[in-house]
Amino acid sequence: MPSFAVVTFGCQMNMHDSTRMEEVLRGAGYAPAQDVEGADVVLLNTCSVREKAEQKLRSEVGRLGQLKRRRPDLVIGVAGCVAQQEGERLLRALPQIDLIIGPDNIPELPRLLADLDTGGLPQVRTVFDVDAPSFLSARPRPGSAGATAFVTVMKGCNERCSYCIVPHTRGPERYRPAREIVDEIATLVRAGVREITLLGQTVNSYRDPEASLPPGPLVAERRWQHTRGSLARQDETEFPALLYRIAEQVPELLRLRYTSPHPRHLTASLIRAHQELPVLARHVHMPVQSGSDRVLRRMIRRYSAAEYVERTDALREAVPDLTLTTDVIVGFPGESDEDFEQTLELMRRVGFVGVFGFKYSQRPFTPALQLADDVSEAEKGRRLERLFATVDERKVAHLTSLVGSTQRVLVEGRGKVQAFSATAGEGTASYTGRTERNEIVHFDAPWDVTGEVLEVTIREAYKNSLAGDLQELPPRRAPAASAASSTRPGGAQPSRVGQDGRRLLPVLG
Ligand code: SAH
Ligand code: SF4
Ligand code: F3S
């Protein structure tokens, strides 16, 4: 049986595509390899959102090229956003590659590999499924489901943020029928999944292509006004309506999250859903990008800093203790010291407990290419440091405030960090999970408690996570149900690293 390994470089959508590729290959008779070095087929699932991400691909192909010299039958495939962006050009630049496959062509993988196997030429398939969008559903094998899973609700992006390559690499927005979304969630929950994260580039702009959802709450309310005359859509209640539908039809689901929402669709209706649906986690990752209106305009984000604050304030008023995290780009063309100070001010004002910070990186096919990349690398580095320092201060204070409290933790699997529990006995191992508000908690348990929701009393706060002690042990379960799906074939998934080389907060990954 031929073996495969998938290496993931990108965001959650990219990780999710990797899981679908694994399922398609298993379905076609391929087996996961022990590691990348031993695989017959290696698929590099790439990201091109920043230049660094693209460089990673080049060095990885170089490394695999050496392996291929020893094993000429090795098939090197490139999938994901660089594949979509570069297509045939990539084949010419890196002739070691056998296969280039875009995000919408995953179902064709077995056929393309079979062609290669019979001596076919290198293949390139990067066609968007605009006319008949398809969404591959999860096919969890018995006992393989983890505690958490992603479910795609839309793909592509119709925003045109001036710095961003995603609309080019992922194409226009296409929505998945609500019926399919609910079915997939129900299947996953039956397989043992407890928490679902809905995925989309602007996930809260969702609408049901089959128009099967009743209006969400506050449908007749005056629309939020948007900056620069850009209005919200007529009916902004379809995403909240989807949340209600999921809560109603899959009542066994423990927790529901979504990523990434766009602030311009953080509507009164969505806020009401947060208030009324206990299944919604009390944490939202809401990318803001900058705190300066001047920069936001040049980024074409279509909201002002004041609007962002107004909406997130309303959300927090509706849902006490809700935590917020965000994305920020530093050193966007023309960003002055004063603009950047406004970003820091916004970080403090909103009280984010986590940030993904990025140095602006010029990308092909983006409108911002017309602007000079005029903030120096050194200055971008300094701004990034200050950004992290500002948010870290708040994050540490937040985590420290939880010491002594008892938190309900959904256990995701074995942890890497020893919890050093004073009460830990022989044979205990470290486990890790997350609270509803997305704080990571490490603790020790004497047997596998993956997938359980347990009460943990917090003993200590680290920089990015918490350590605590189990209040009460659940009964021991049969081992099969707890196999984690997070182990990737080859185990070669790189951790997310910011442009300054700093490991990003795992809570936000
Ligand atoms: N759809 C998501 C984000 C997708 S990209 C959203 O709109 O929130 C993830 C993050 O990468 C963005 O939020 C942004 O902060 C960052 N990013 C995108 N393009 C970038 C660029 N050219 N340079 C630096 N960071 C970028
Ligand atoms: Fe990129 Fe903006 Fe679309 Fe997000 S909303 S994917 S940042 S263009
Ligand atoms: Fe994701 Fe990177 Fe593509 S962030 S959508 S894999 S460019």
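Helices (H or I, at least four residues) and strands (E, at least two) are DSSP runs, numbered from the N terminus. The model is predicted: local features need pLDDT of at least 70, side-chain atom pairs count only at pLDDT 80 or more, and totals for chains, interfaces and linings use all residues. Residues are numbered from 1 along each chain as its sequence is written, chains are lettered from A and ligands numbered from 1 in the order in which they are written, and side-chain values use heavy atoms, without hydrogens and water.

**Exercise 1. Place Arg434 and find its side-chain partner.**

Step 1. Locate the residue. Arg434 lies in strand 16 (residues 429-434).

Step 2. Check its cover. Buried means under 20% relative accessible area, exposed over 50%, and partly exposed in between (1.4 Å probe, protein chains only). Arg434 has 14% relative accessibility, so it counts as buried.

Step 3. Look for a polar contact. This is a pair of N or O atoms within 3.5 Å; within protein, one must be able to donate a hydrogen and the other to accept it, and residues adjacent in sequence count only if both atoms are side-chain atoms. The side chain of Arg434 makes such a contact with the side chain of Asn438, at 2.5 Å.

Step 4. Turn to the partner. Asn438 sits in the loop between strand 16 and strand 17 (440-445). Its relative accessible area is 5%, so Asn438 is buried. Asn438 is not a glycine, yet its phi is positive, about 80 degrees.

**Exercise 2. Decide whether Asp321 is buried or exposed.**

Step 1. Find it. Asp321 belongs to the loop between helix 11 (305-318) and strand 13.

Step 2. Apply the cut-off. Asp321 has a relative accessible area of 51%, so it is exposed.

Step 3. Read the backbone. Asp321 has a positive phi of about 75 degrees although it is not a glycine.

**Exercise 3. Describe the shell around ligand 1.**

Step 1. Count the residues. A residue is near a molecule if one of its heavy atoms lies within 4 Å of it. There are 15 around ligand 1; Arg50, Gln201, Gln289, Asp327 and Ser361 come nearest.

Step 2. List polar pairs. A polar side-chain atom of Gln289 is 2.7 Å from an oxygen atom of the ligand. A side-chain N or O atom of Asp327 lies 2.6 Å from an oxygen atom of ligand 1. A polar backbone atom of Ser361 is 2.8 Å from a ligand nitrogen.

Step 3. Assess burial. Ligand 1 taken alone exposes 540 Å², and the protein buries 91% of that. Such areas come from the Shrake-Rupley method with a 1.4 Å probe; for residues, only the protein chains shown count as cover.

Step 4. Name the contributing elements. Strand 13 (323-330) and strand 14 (354-359) each give two or more residues to this shell.

**Exercise 4. Place the largest nonpolar core.**

Step 1. Define it. A nonpolar core is a set of buried Ala, Val, Leu, Ile, Met, Phe, Trp, Tyr and Cys residues joined through side-chain atoms within 4.5 Å.

Step 2. Pick out its hubs. Of the 62 residues in the largest core, Ile185, Ile196, Leu198 and Leu242 touch the most other members.

Step 3. Find the main contributor. Helix 7 (residues 178-190) gives the most, with seven residues.

Step 4. Set it among the domains, whose bounds come from an automatic or database domain assignment. Domain 2 (132-281) and domain 3 (284-401) both give residues to this core, so it lies between them.
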